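The following note is offered to a colleague who is meeting this structure for the first time. The points are numbered for ease of reply.

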Amino acid sequence: AVVSTQSTGDDAISDCLMAFQDFLYAFQVQFCFNEFLNACRELYLSLSAEKGNSTPRLEGVESSKFLDGITALLSNNTYHHPSIRVIHRILSKSQKASFYTYLLGIANSDTINSSVGVLPKKSQCLETENKSVKSD
């Protein structure tokens with residue numbers, strides 16, 4: 001699957017190849033948390049603009065500031081959103097975070113995927129049973 005970021009230049013990726021399984025989980029997260037993720041994107045862009053240089057999206061933003069902003073978003077709105085503890089775990093993996101890596105962290109989280117409850121764990125997603133196919 002090819003995913004387009006609508007030529008906005010976010011994180012220096014306009015088109016990228018993605019495995020179907022990754023696409024499936026990213027789609028699930030986007031579908032379930034669309035309003036929340038759009039607010040996070042606006043927050044990310046705002047934090048990027050504060051840096052004042054021409055390539056802030058390439059460098060990412062400070063994870064702690066991004067997390068503080070997300071926490072504030074959640075306290076002031078009623079978005080359907082993943083657990084703040086999981087978001088904290090995702091953002092605490094590095095000092096800086098790009099929006100793309102943040103989204104991948106959410107899409108790859110087994111905790112978030114199991115809380116949505118639609119798709120199985122990623123490790124079980126493409127498992128199939130061997131079944132005989134009868135031909136007529």
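1. Arginine 41 is a convenient place to begin. Its relative accessibility is 24%, and arginine 41 therefore counts as partly exposed, since the partly exposed class lies between the limits of 20% and 50%. Please bear in mind throughout that this is a predicted model.

2. Arginine 41 is also one partner in a salt bridge. The other partner is glutamate 42, and the closest N and O atoms of the two are 3.8 Å apart. The pair qualifies because the distance falls within the 4 Å limit. A search of the whole structure finds one salt bridge. As general background, side chains of opposite charge can pair when their charged atoms come close.

3. The helix α2 deserves separate attention. Helix α2 has 17 residues, and the span from its first C-alpha to its last is 25 Å. That value is close to the 24 Å expected at 1.5 Å a residue. The buried residues of α2 are Phe36, Leu37, Ala39, Cys40, Leu43, Tyr44, Leu47 and Ser48. In general, an α-helix has 3.6 residues a turn, so residues three or four places apart point the same way.

4. Aromatic contacts come next. The count comes to seven aromatic pairs. One of them joins tyrosine 44 and phenylalanine 99, with 5.7 Å from centre to centre and 45° between the planes, and this pair is tilted. The pair links distant parts of the chain: tyrosine 44 belongs to helix α2 (residues 34-50) and phenylalanine 99 to helix α6 (residues 99-107), 55 residues apart. The C-alpha atoms of phenylalanine 99 and tyrosine 44 are separated by 6.8 Å.

5. Are the two partners of this pair buried or exposed? Both tyrosine 44 and phenylalanine 99 are buried. For phenylalanine 99 the relative accessibility is 7%, which is why phenylalanine 99 counts as buried, the limit being under 20%. Tyr44 and Phe99 also belong to one aromatic cluster, together with Phe66 and Tyr102.

6. Confidence should be considered before any part of the model is discussed further. The mean pLDDT of the chain is 77, and 69% of its residues reach 70 or more. Where in the chain is confidence lowest, and where is it highest? The lowest mean, 40, is in strand β1 (residues 2-4), while the highest, 94, is in helix α5 (residues 84-91). Over residues 1-14 pLDDT stays under 50, and for these residues the model has 30 contacts beyond four places in sequence.

How values were computed:
Residues are numbered from 1 along each chain as its sequence is written. This is a predicted model: local features need pLDDT of at least 70, side-chain atom pairs count only at pLDDT 80 or more; totals for chains, interfaces and linings use all residues. Side-chain values use heavy atoms; hydrogens and water are left out. A salt bridge is a side-chain nitrogen of Lys or Arg within 4 Å of a carboxyl oxygen of Asp or Glu. Buried means under 20% relative accessible area, exposed over 50%, partly exposed in between (1.4 Å probe, protein chains only). Rings of Phe, Tyr and Trp (its six-membered ring) pair if their centres lie within 6.5 Å; planes under 30 degrees apart count as stacked, over 60 as edge-to-face and the rest as tilted. Helices (H or I, at least four residues) and strands (E, at least two) are DSSP runs, numbered from the N terminus. pLDDT is the predictor's confidence in each residue, from 0 to 100. Contact means heavy atoms within 4.5 Å. The expected span of a helix is 1.5 Å times one less than its number of residues.
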